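I opened a new page for this structure. My notes follow in the order I looked things up.

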Amino acid sequence: MKLEKLFLYYMSWHYTAAFLGIIRIYGNALWFFFSFFSISLLLKTLLSPLERLQAQYKRDPDIKEWISTFAVNILMRLIGAMLRLFVIVVGLLTLLLTTFLGVAFFIIWIVLPALPPIIFFGGLTALFL
């Protein structure tokens, strides 16, 4: 196989099949992190009690018992909301980092075939100067 034909095959693969494969992998990574952190489920259940821990109201409520039960239930909801918000923020930061790394990798992938000639001719220039 001639060198020119090999170069053309490589460039064709680099900018078509490999590029589409990278986009597919990138989409899978975004889907994985979104699903791993369960962001949509955590948003739906944001104000639910932590681990479904809640005090039950008595049938014949005393005002002290009712206030105590109400306070425990509110506290469990607040703790659950804080933990869920923390996980949501970590998940969104992970998605943001994945996005930045994906964009950086795409830029590097596009420029990558030009690097060997640049390095080669840069070395020759440095050798003769």
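I fixed one term before starting: a residue is buried under 20% relative accessible area, exposed over 50%, and partly exposed in between. I also noted that this is a predicted model.

**Entry 1. Ala29.** I looked up Ala29 and found it in helix 2. Its relative accessible area is 25%. That value falls between the two cut-offs, so I wrote Ala29 down as partly exposed. Then I checked its distance to Gly102. The two are 73 residues apart in sequence. Their C-alpha atoms are 9.5 Å apart in space.

**Entry 2. Helix 2 and helix 4.** How do the axes of helix 2 and helix 4 cross? I read an angle of roughly 170°, with the axes coming within 10 Å. Angles over 145 degrees count as roughly antiparallel, so helix 2 is roughly antiparallel to helix 4. Next I listed who makes the contact. Helix 2 gives Ala18, Phe19, Ile22, Ile23, Tyr26, Ala29, Leu30, Phe33 and Phe34. Helix 4 gives Thr94, Leu95, Thr98, Thr99, Gly102, Phe105, Phe106, Trp109 and Ile110. I then sorted the contact residues by class. I got 14 nonpolar, four polar and no charged residues. Ala29 and Gly102 from my first entry both appear in this contact.

**Entry 3. The core.** Which residues make up the largest nonpolar core? I found five: Ala18, Ile22, Tyr26, Phe106 and Trp109. Helix 2 (17-36) and helix 4 (63-111) each give two or more residues to this core. The largest share, three residues, comes from helix 2. I added a background remark: in soluble globular proteins, nonpolar side chains tend to be buried together.

**Entry 4. Trp109.** I followed Trp109 out of the core. I left aside neighbours within four places in sequence. Trp109 is in contact with Trp13, His14, Ala18, Phe19 and Ile22. Of these, I picked His14 for the next look.

**Entry 5. His14.** His14 sits in helix 1. Is His14 buried or exposed? Its relative accessibility is 0%, so His14 counts as buried. I listed what His14 touches, not counting residues up to four places away in sequence. The list is Phe19, Trp109, Leu112 and Pro113.

**Entry 6. Helix 1 and helix 2.** I turned to the pair formed by helix 1 (residues 3-15) and helix 2. Their axes come within 2 Å and cross at roughly 25°. Angles under 35 degrees count as roughly parallel, so helix 1 is roughly parallel to helix 2. On the helix 1 side, the contact is made by Ser12, Trp13, His14 and Tyr15. On the helix 2 side, Ala17, Ala18 and Phe19 take part. By class, I noted five nonpolar, two polar and no charged residues.

**Entry 7. Ser38.** I looked at the loop between helix 2 and helix 3 (39-44), where Ser38 is placed. Ser38 is not a glycine, yet its phi is positive, at about 50°. I wrote a reminder beside this: most residues other than glycine have a negative phi. Ser38 has a relative accessible area of 28%, so it is partly exposed.

**Entry 8. Leu101.** Leu101 lies in helix 4. At 54% relative accessible area, Leu101 is exposed. I took the C-alpha distance from Leu101 to Ile119 and got 24 Å. These two are 18 residues apart along the chain.

**Entry 9. Helix 5.** Last, I checked helix 5, residues 115-128. Helix 5 has 14 residues and reaches 20 Å from its first C-alpha to its last. That is close to the 20 Å expected at 1.5 Å a residue. How many residues of helix 5 are buried? The number is zero, so helix 5 lies largely in the open.

Note on methods
Residues numbered from 1 in each chain as written. Predicted model: local features only at pLDDT ≥ 70, side-chain atom pairs only at ≥ 80, totals over all residues. Heavy atoms only, no water. Core = buried A, V, L, I, M, F, W, Y, C linked by side-chain atoms within 4.5 Å. Buried < 20%, exposed > 50% of the residue type's maximum accessible area, 1.4 Å probe, protein only. Helix = DSSP H or I, 4+ residues; strand = E, 2+ residues; numbered from the N terminus. Contact = heavy atoms within 4.5 Å. Expected span 1.5 Å × (residues − 1). Axes fitted to C-alpha atoms, helices over the stretch in contact; angles between N-to-C directions. Parallel < 35°, antiparallel > 145°, perpendicular 65-115°, else oblique. Nonpolar A, V, L, I, M, F, W, Y, C, P; charged D, E, K, R; others polar.
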